[in-house]
Amino acid sequence: MVTNSRIPAVERATGRGWEEWLAFFGRIGAADLSHHEIATAVLGELDGTGLENPAWWAQSAAVAYEQHIGRRIPGQRPDGTFQTSVSKATSLPMAALMDAWTAFAAADDDVRGLVSADPRVSGTDKRITWRAKGHDGESVVVISEPKKDGAASLVVQHLGAATPERNDEARELWRAVVARFVLGVER
């Protein structure tokens, strides 16, 4: 049985202990439901509670439950692949950060080695996203998110790793890339 750090956060956010959640999951037969069905049931349970971002907490509770019963391990997605993320705060505003990332990524050998197709960039007032296909069904999503002080954080998500070992390898590669990038833009 695997648990993770999501459980205490789910308990704090929802005001329910894990034993209460386990009783709920038992009542709905969650062990026989898909991830989507579990998350939908949790979202219904959270409806009207006043919880901020209930869909996110429904996903968190569903993942925590799936890990609790051993259906998946930390970092594993519903499709059996793995994802990891690396983030770093910067002093740059959101648009400038994405412009700097896009230029860096186009010239960086490590980034070019991790992706197999030209990236797509899209955005809103709340975030700008750079997406690229990786190798062997993997993909990379880089997000520039604003912080309260006008600066922005860079979040790199590597999705679709086939094994936990490949996921760990990708995390270390992206940590090095992000550290090198931030060092360059913060000079």
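Two strands pair if DSSP finds at least two bridges between them. I keep that in mind for the strands below, and I note that this is a predicted model.

**Entry 1: the overall layout**

I started with the secondary structure. I found seven helices and five strands in the protein. Going along the sequence, I read the order as α-α-α-α-β-α-α-β-β-β-β-α. The C-alpha trace spans about 55 × 35 × 25 Å along its principal axes. I looked up burial too: 40% of the 187 residues count as buried. For contacts with a separation of 6 or more, I see that 54% come from residues 24 or more positions apart.

**Entry 2: surface and charge**

The protein exposes about 10200 Å², I find, with 52% of that supplied by carbon and sulfur atoms. I then checked the charged side chains: 21 are positive and 25 are negative. The centres of these two sets lie 3 Å apart.

**Entry 3: S3 against S4**

Next I went to the strands. Strand S3 covers residues 128-133 and strand S4 covers residues 139-146. They run antiparallel, and six bridges join them. As one example, I picked Trp130, which stands opposite Val142 in S4. The hairpin of S3 and S4 has five residues between the strands. I noted Asp136 in this hairpin for its positive phi near 55°.

**Entry 4: S4 against S5**

I moved one strand along. S4 and S5 are antiparallel as well, and eight bridges join them. Here I find Ser139 opposite Leu159 in S5. These two strands also make a hairpin, with five residues between them. In the turn I looked at Gly150, which has a positive phi of about 90°.

**Entry 5: S5 and its other partner**

Which strand pairs with S5 over eight bridges in the antiparallel sense, besides S4? I found strand S1, residues 82-89. In that pairing, Ala89 has Ser153 of S5 as its bridge partner. I also checked how covered S5 is: nine of its 10 residues are buried, so the strand is largely enclosed by the rest of the structure.

**Entry 6: Ser153**

Is Ser153 buried or exposed? I put its relative accessible area at 15%, which makes Ser153 buried, because buried means under 20%. This residue sits in S5, which covers residues 152-161. Leaving out neighbours within four places in sequence, I listed its contacts, among them Lys88, Ala89 and Thr90. Ser153 is also in contact with Leu97, Ile143, Ser144, Glu145 and Lys147.

**Entry 7: Ser144**

Since Ser144 turned up among those contacts, I looked at it next. Its place is in strand S4. Ser144 has 0% relative accessibility, so I count it as buried. What lies 2.8 Å from a polar atom of the Ser144 side chain? I found the backbone oxygen of Met94 there. Met94 is also one of the residues that Ser144 touches, not counting those up to four places away in sequence. The others I wrote down include Leu97, Met98, Lys126, Arg127 and Ile128. Ala152 and Ser153 are touched by Ser144 too.

**Entry 8: a note to myself**

I jotted down one general point for reading strands: in a regular strand the side chains alternate between the two faces of the sheet. To recap, Ser153 is in S5, Ser144 is in S4, and the two residues are in contact.

Terms used
Residues numbered from 1 in each chain as written. Predicted model: local features only at pLDDT ≥ 70, side-chain atom pairs only at ≥ 80, totals over all residues. Heavy atoms only, no water. Helix = DSSP H or I, 4+ residues; strand = E, 2+ residues; numbered from the N terminus. Buried < 20%, exposed > 50% of the residue type's maximum accessible area, 1.4 Å probe, protein only. Contact = heavy atoms within 4.5 Å. Areas by Shrake-Rupley, 256 points an atom, 1.4 Å probe, with all protein chains shown as cover. Lys, Arg positive; Asp, Glu negative; His and termini not counted. Charge placed at Lys NZ, Arg CZ, Asp CG, Glu CD. Polar contact = N/O pair within 3.5 Å; in protein donor to acceptor, adjacent residues only side chain to side chain.
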